[in-house]
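Hi everyone, thanks for making time this morning. I'd like to walk you through one model and the way its parts meet, so please have the viewer open.

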Protein chains: 2
Amino acid sequence: MQLTETHRPRLDQALETIRTRAYWSPHPEHPKAYGESAPADGLAAFEALRGTRFELDQPGTDGWTGAEVSPYGPELGIEYPHPDIDVLLPAMRAGMGAWREAGPETRALVCLEILSRISARTHEFAHAVMHTSGQAFMMAFQAGGPHAQDRGLEAVAYAYEEQTRTPVAADWSKPQGKRDPLELRKTFTTAGRGISLLIGCNTFPTWNGYPGLFASLATGNPVLVKPHPRAVLPLALTVRVAREVLTEAGFDPNLVCLAAERPGEGIAKTLAVRPEVKIIDYTGSTGFGDWLEANARQAQVYTEKAGVNTVVVDSTDNYKGMLSNLAFSLSLYSGQMCTTPQNLLIPRDGITTDAGHKSYDEVVTDIAASVGGLLGDDARANALLGALVNPDVKARLDGATGLGEVALPSRKIANPEFPDAVVRTPVIVKLDGARKFWEGADAEAAYLSECFGPVSFAVSVDSTADALELLRRTVRDKGAMTVGAYTTSAETERAIEDVCLEESAQLSLNLTGGVYVNQTAAFSDFHGSGGNPAANAALCDGAFVSNRFRVVEVRRQA
Amino acid sequence: MQLTETHRPRLDQALETIRTRAYWSPHPEHPKAYGESAPADGLAAFEALRGTRFELDQPGTDGWTGAEVSPYGPELGIEYPHPDIDVLLPAMRAGMGAWREAGPETRALVCLEILSRISARTHEFAHAVMHTSGQAFMMAFQAGGPHAQDRGLEAVAYAYEEQTRTPVAADWSKPQGKRDPLELRKTFTTAGRGISLLIGCNTFPTWNGYPGLFASLATGNPVLVKPHPRAVLPLALTVRVAREVLTEAGFDPNLVCLAAERPGEGIAKTLAVRPEVKIIDYTGSTGFGDWLEANARQAQVYTEKAGVNTVVVDSTDNYKGMLSNLAFSLSLYSGQMCTTPQNLLIPRDGITTDAGHKSYDEVVTDIAASVGGLLGDDARANALLGALVNPDVKARLDGATGLGEVALPSRKIANPEFPDAVVRTPVIVKLDGARKFWEGADAEAAYLSECFGPVSFAVSVDSTADALELLRRTVRDKGAMTVGAYTTSAETERAIEDVCLEESAQLSLNLTGGVYVNQTAAFSDFHGSGGNPAANAALCDGAFVSNRFRVVEVRRQA
């Protein structure tokens with residue numbers, strides 16, 4: 001494999017971009033960029049996987065398991081190897097020595113080859129992501145394909161940079177006055193910690209999975225991929241590609257393995273406390289994330305958990321732009337993003353806009369109308385909303401209407417291609433930020449909990465200052481992946497920034513165009529801050545990679 | 001203050017050196033380098049502190065406390081402010097905003113000014129370290145002065161580099177085909193996490209304290225210094241200097257405060273779980289270190305705990321050099337260094353040397369003779385050994401003679417200047433690595449526990465392969481700050497390296513001159529690996545600084 005010629009320029013560009021944080025991506029967003037036959041080939045490849053056993057030829061397989069059902073309706077019917085972990089874990093460690101000796105550059109370039117082959121199969125991955133996450137095809141294509149690959153490449157770049165901060169060797173000579181200097185020859189080797197466990201999520205199996213997977217692999221660790229049982233295929237395909245590339249590059253394919261679980265097995269809990277497991281990446285519920293942090297004490301644990309995202313609406317000089325921007329943010333993938341705004345904090349006396357003063361009720365009505373307009377056409381609604389990923393989301397959506405006055409009811413959308421898909425428009429519920437209860441329902445408890453799915457709360461507040469206090473409390477106590485704000489006041493802007501700086505939240509200000517608070521771009525935007533309860537790590541920064549390996553020094557008298 | 005002109009070149013040199021890892025230090029090791037009057041001035045300054053109240057003018061003082069007694073005998077008689085933490089902690093947070101806004105460079109340069117003023121008072125600090133740690137004057141001078149200052153500066157350099165990996169602002173422009181590009185203006189601010197708690201140790205209050213203190217301060221966090229109750233003065237002086245510099249530079253002095261405790265108060269346990277405390281640096285027992293890791297869940301916890309350091313003796317081409325090198329390592333500061341070798345693993349069939357084959361007994365006898373020779377002169381012995389830091393060390397030394405056959409008994413040394421000082425030469429005890437018990441004593445339990453102080457075990461092993469297995473088990477289960485080895489075999493050398501790479505231990509090979517396994521040089525050597533049970537962090541690397549702050553991004557439509 002000509003790894004250097006093929007991939008070193010791309011690695012260099014990634015290294016450059018994480019320093020400038022300008023726009024860059026080597027992975028095209030447009031489906032047409034992948035060649036004329038790619039769409040049909042990708043679909044055919046996906047269809048060919050259905051109803052088969054997904055062979056991986058990894059050691060320690062003690063049976064087959066799999067029960068994925070597409071949120072669009074069809075059963076995937078794919079079975080994956082179930083691991084005998086007492087056989088698999090030792091086998092995964094066997095290749096660590098050669099992988100360590102390969103050094104940071106070769107490891108990075110092998111990772112880039114893996115990403116490159118995944119990229120070439122983006123259409124196939126798009127169908128796999130669509131039919132496990134419920135994302136609409138175009139989103140599954142972009143977020144599950146190029147954007148996920150970007151995040152993987154970004155992690156490789158951070159890992160490479162971090163490992164090469166220390167030279168591989170140094171000559172050290174300490175003067176001793178008139179005597180000969182003390183002289184040592186020193187070598188420094190980056191060594192992985194041990195097996196890295198990736199616990200995948202249902203909604204973004206590749207996007208949320210690739211940073212940890214590639215950060216760990218690039219820093220010298222074998223990676224065991226434990227997918228969400230509803231979203232195995234995208235990560236199983238990833239494991240297969242990684243194993244192929246590792247083999248071709250002369251390394252042990254068992255450096256990347258799959259751990260699919262039997263229904264109800266809870267294998268993550270078993271794996272997480274195994275002594276061989278030294279690193280864990282997890283995206284999912286706060287409950288299990290907290291459990292991992294408390295119990296997997298032998299491992300470095302990186303978690304992305306629940307959070308409550310807020311948008312502070314203070315004032316705007318582009319009312320229309322604000323409405324359409326918010327409508328899109330609330331609608332994309334039925335609000336099933338960890339970055340989707342949940343609480344819209346709006347002063348009860350209304351706001352100043354370029355279209356005149358707008359009362360709280362008017363603002364809420366106008367946002368509702370904007371969402372309604374955006375999703376008025378069923379074809380467009382299907383393309384934006386995708387399907388509800390699982391029955392829990394549907395249950396939360398149904399329950400939300402009892403929490404307060406419904407400003408925008410959810411609407412059922414028919415999907416002509418997949419009649420079993422559960423497609424719903426978002427609900428917007430009005431809550432009074434000054435009153436704890438609404439007709440017996442605990443309104444405060446509602447907006448201070450994550451209601452994952454197409455549910456937003458338009459919370460009336462006494463003032464923007466009141467909104468900032470609620471924002472601070474929400475971020476501090478519940479965490480947030482994103483904060484948005486609209487204001488024309490420099491003073492208010494500064495106050496919002498201060499809250500975000502003090503409580504460690506990522507802020508998007510006055511977005512009225514084609515960038516949305518729930519989207520971040522690899523190489524430029526951080527995903528999460530790692531400094532509030534929603535996540536203990538950010539994607540991607542030095543802290544995300546620097547403790548996945550250790551530097552071992554050997555000193556010899558020169 | 002002309003911070004940039006004064007300190008930027010030094011910061012740049014530190015940044016350069018942590019990349020090359022060549023020799024460098026801006027802090028002179030020789031006492032004469034500090035000016036003719038410095039020795040007398042330093043002693044006078046130290047004497048003037050005795051029997052006084054150590055005023056710090058920090059908020060929330062609810063009384064005075066202090067009961068330091070020099071390991072050399074004299075009571076220091078110094079009282080320190082005792083904190084009302086409900087007043088002190090909020091006061092410490094007040095200055096965080098301005099400290100954050102100052103940015104990474106100003107914070108680094110203020111830290112360098114603090115270090116520079118400490119450096120100018122190295123003689124005074126040397127007496128303070130000597131009379132709290134029991135180190136001999138020259139060691140207290142070097143390890144407590146320039147070497148500690150080097151480690152502080154190193155941490156500042158790492159902190160600066162880590163914080164400046166991301167630009168303060170970026171323009172992002174994403175092409176949209178024929179449409180206008182999406183454009184965002186982004187700012188990135190490094191924000192400290194909250195109050196950083198330094199829990200100091202008895203033996204190296206400055207050397208082990210400065211890395212965490214300066215890493216946290218340089219990354220934007222207030223630092224609360226909780227010294228060991230027997231070693232308050234060196235850190236109280238440090239806090240005073242820091243407060244002076246902060247004030248003069250226009251910042252809140254309460255960014256650095258002292259938390260001296262009343263006898264038996266255990267204030268560290270209270271402070272460690274306060275929600276305001278987000279970072280903890282700790283050096284001390286494994287018991288409390290483990291407690292911190294398990295309980296201070298709201299904080300990033302960096303611990304250096306107990307470990308068992310091993311030297312593998314396989315063969316040598318410089319037998320005399322090996323003996324004298326080992327003798328010095330075992331003797332320095334009465335073995336009261338976390339890096340002092342404890343277990344010398346020697347094949348029972350003996351070793352090959354340039355002086356012919358040497359049996360196990362001969363090797364042990366020769367090491368014992370070498371130690372005896374080194375410490376034969378009482379003046380030199382006092383200068384090397386210092387005093388036992390506390391009665392626990394003495395008790396362990398006394399107990400060690402019952403664990404096996406004594407190859408070198410400990411000898412009591414009189415200190416003419418300080419007749420109450422407890423000065424003892426090291427004991428070397430022979431143990432059989434193949435037999436668990438020796439005359440009823442659990443020999444294996446002995447050499448597999450840290451016996452902190454002037455106690456070494458000459459453990460006979462069946463072979464070098466056997467030694468490596470014991471080394472691996474020791475590092476994996478008990479941790480190690482250092483590993484040493486002597487071998488002339490390339491194959492054996494490689495095998496030892498592999499164990500250290502696999503178990504994450506820092507290795508010194510064939511040291512026979514003036515560099516010792518227990519000494520590391522800032523900017524070049526890592527102290528600990530952070531990858532075995534002796535410490536969860538290394539001094540200093542990216543991982544030691546990268547999670548002490550977070551990057552908060554603000555995006556605005558351009």
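Let me begin with a definition: two strands pair if DSSP finds at least two bridges between them. Strands here are DSSP runs of E with at least two residues, helices are runs of H or I with at least four, and both are numbered from the N terminus. Now the ground rules. This is a predicted model, where local features need pLDDT of at least 70 and side-chain atom pairs count only at pLDDT 80 or more, while totals for chains, interfaces and linings use all residues. Residues are numbered from 1 along each chain as its sequence is written, chains are lettered from A and ligands numbered from 1 in the order in which they are written, and side-chain values use heavy atoms, with hydrogens and water left out.

So, to the pairing between chains. Strand β22 of chain A, residues 507-509, runs parallel to strand β23 of chain B, residues 549-557, and three bridges join them. Within that pairing, L507(A) stands opposite V554(B).

How much area do chain A and chain B bury between them? About 6,200 Å², with 43% of it on carbon and sulfur atoms; buried area is the accessible area, with a 1.4 Å probe, that two parts lose on being put together, summed over both. On the chain A side, R165(A), L501(A) and R555(A) lose the most area to chain B, together 14% of what that side buries. The contact, meaning heavy atoms within 4.5 Å, takes 77 residues from chain A and 78 from chain B.

For those of you who like electrostatics, the count between the two chains is 20 salt bridges, each a side-chain nitrogen of Lys or Arg within 4 Å of a carboxyl oxygen of Asp or Glu. One of them links D525(A) to K186(B), with the closest N and O atoms 2.7 Å apart. There are also 49 residue pairs in polar contact across this interface, both residues at pLDDT 80 or more. A polar contact is a pair of N or O atoms within 3.5 Å; within protein, one must be able to donate a hydrogen and the other to accept it, and residues adjacent in sequence count only if both atoms are side-chain atoms. Strand β23 of chain A, residues 549-557, gives the most to the chain A side, with eight residues.

Now let's look inside chain A. An automatic or database assignment sets the domain bounds: domain 1 is 3-7 + 43-67 + 78-172 + 186-306 + 539-557, and domain 2 is 310-509. Their C-alpha centres lie 34 Å apart. In chain A, 14 residues of domain 1 are in contact with 17 of domain 2. The area buried between these domains is about 1,200 Å², of which carbon and sulfur atoms give 66%. M139(A), E304(A) and A306(A) supply 33% of the area that domain 1 buries there, more than any other three residues.

And how many salt bridges does the rule find between the domains of chain A? Zero. The count of residue pairs in polar contact there is two. Helix α5 of chain A, residues 122-133, gives the most to the domain 1 side, with four residues.

Last, some backbone geometry. Most residues other than glycine have a negative phi, and most peptide bonds are trans. L539(A) and C540(A) are joined by a cis peptide bond, with omega about -10°, and C540(A) is in the loop between β22 and α19 of chain A. The bond from L539(B) to C540(B) is cis too, with omega near -15°. R21(A) has a positive phi, near 60°, and is found in the loop between α1 and α2 of chain A.
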